[in-house]
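Welcome! Here is a short tour for anyone meeting this structure for the first time. Take a moment to look it over, then read on.

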Amino acid sequence: MTSSKELIMSGFAEFAAGNIEVLQTLLREDFIEHSPGNPSGRRAFIDFIRDSPVAASRLELKRVVAEGDLVVMHYHLIPREGGRGLAVVDFWRVEDGLIAEHWDVVQPVPEPREVPHGMF
């Protein structure tokens, strides 16, 4: 049986490699999205993500923490056009081997002088 952490990490790797449709196999049909402006439901969420900047960005995973049915990922989202990008923390709740819920925290990466110890 695949652990929640293994499920999320393997799905993240597929997604980061450009396979957006991997979400079809990872999300419950009644998937709940908690981020403002993002739709809930598997199909609506996948359609939304397909057209969002995250789908065209480079995602550099920095750390993963897992406990029970929760997996937290911290990564650097770097837009195709470049720039400092975003620091992202995703929270995923897994139920019966599929992602049931998602929360995130997103922050622009500031100038290096503003964060002497780095964002990551």
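The notes below go from the whole chain to the sheet, and then to some single residues and pairs.

Please keep in mind that this is a predicted model. The protein chain holds 3 helices and 5 strands, and along the sequence they come in the pattern α-α-β-α-β-β-β-β. The 5 strands form an open sheet, and a search of the whole structure turns up 13 salt bridges.

**The chain as a whole**

- The C-alpha atoms of the protein chain fit in a box of roughly 45 × 30 × 25 Å along the principal axes.
- For 120 residues, a compact globule would be expected to have a radius of gyration near 14 Å, and the protein chain agrees with its value of 14 Å.
- Of the 120 residues, 40% count as buried.
- The accessible surface of the protein chain is about 7000 Å², and carbon and sulfur atoms account for 55% of that.
- Take the contacts between residues at least 6 apart in sequence: 38% of these join residues at least 24 apart.

**The sheet and its order**

- In what order do the strands of the open sheet lie? The order is 1-5-4-3-2, with mixed pairing.
- The edges are strand 1 (27-33) and strand 2 (58-67), each of which pairs on one side only.
- From one strand to the next, the twist averages 25 degrees.
- In a regular strand, side chains alternate between the two faces of the sheet.

**How neighbouring strands pair**

- Strand 1 runs parallel to strand 5 (residues 98-108), and 3 bridges join the two.
- Leu 27 has Ile 99 of strand 5 opposite it.
- Strand 2 pairs with strand 3 in the antiparallel sense, over 9 bridges.
- Val 65 faces its opposite residue, Val 72, in strand 3.
- Strand 3 also pairs with strand 4, again in the antiparallel sense, here over 8 bridges.
- His 74 has Val 89 in strand 4 as its bridge partner.

**Strand 3 and the helix across the sheet**

- Is strand 3 mostly covered or mostly open? Strand 3 is mostly covered, with 7 of its 9 residues buried.
- Helix 1 (residues 4-16) lies across strand 2, strand 3 (70-78), strand 4 (86-95) and strand 5.
- The direction of helix 1 is at about 175 degrees to that of strand 2.

**A turn to look for: Gly 68**

- Gly 68 is found in the loop between strand 2 and strand 3.
- These two strands make a hairpin with 2 residues between them, and Gly 68 in the turn has a positive phi of about 60 degrees.
- Is Gly 68 buried or exposed? Gly 68 counts as exposed because its relative accessibility is 68%, and the cut-off for exposed is over 50%.
- Ser 3 is 65 residues from Gly 68 in sequence, yet their C-alpha atoms are 8.9 Å apart in space.

**Salt bridges**

- Glu 29 and Arg 42 meet through their side chains in a salt bridge of 3.8 Å, N to O.
- This pair links distant parts of the chain: Glu 29 sits in strand 1 and Arg 42 in helix 3 (residues 42-50), 13 residues apart.
- Glu 29 is exposed, at 62% relative accessible area, whereas Arg 42 is buried, at 18%.
- Arg 58 and Glu 60 form another salt bridge, and their closest N and O atoms are 2.9 Å apart.
- Arg 58 is partly exposed with a relative accessible area of 48%, and Glu 60 also counts as partly exposed, at 26% relative accessibility.
- Which residue does Glu 111 meet in a salt bridge? The partner is Arg 84, at 3.0 Å from N to O.
- Glu 111 lies in the segment after strand 5 and Arg 84 in the loop between strand 3 and strand 4, so this pair links distant parts of the chain, 27 residues apart.
- Glu 111 counts as partly exposed at 30% relative accessibility, and Arg 84 is partly exposed with a relative accessible area of 40%.
- Arg 28, Asp 30, Arg 93, Glu 95 and Glu 101 are joined into one network by salt bridges that share partners.

Terms used:
Residues numbered from 1 in each chain as written. Predicted model: local features only at pLDDT ≥ 70, side-chain atom pairs only at ≥ 80, totals over all residues. Heavy atoms only, no water. Pairing = 2+ DSSP bridges. Helix = DSSP H or I, 4+ residues; strand = E, 2+ residues; numbered from the N terminus. Axes fitted to C-alpha atoms, helices over the stretch in contact; angles between N-to-C directions. Contact = heavy atoms within 4.5 Å. Rg over C-alpha atoms; globule rule 2.2 N^0.38 Å. Buried < 20%, exposed > 50% of the residue type's maximum accessible area, 1.4 Å probe, protein only. Areas by Shrake-Rupley, 256 points an atom, 1.4 Å probe, with all protein chains shown as cover. Salt bridge = Lys/Arg side-chain N within 4 Å of Asp/Glu carboxyl O.
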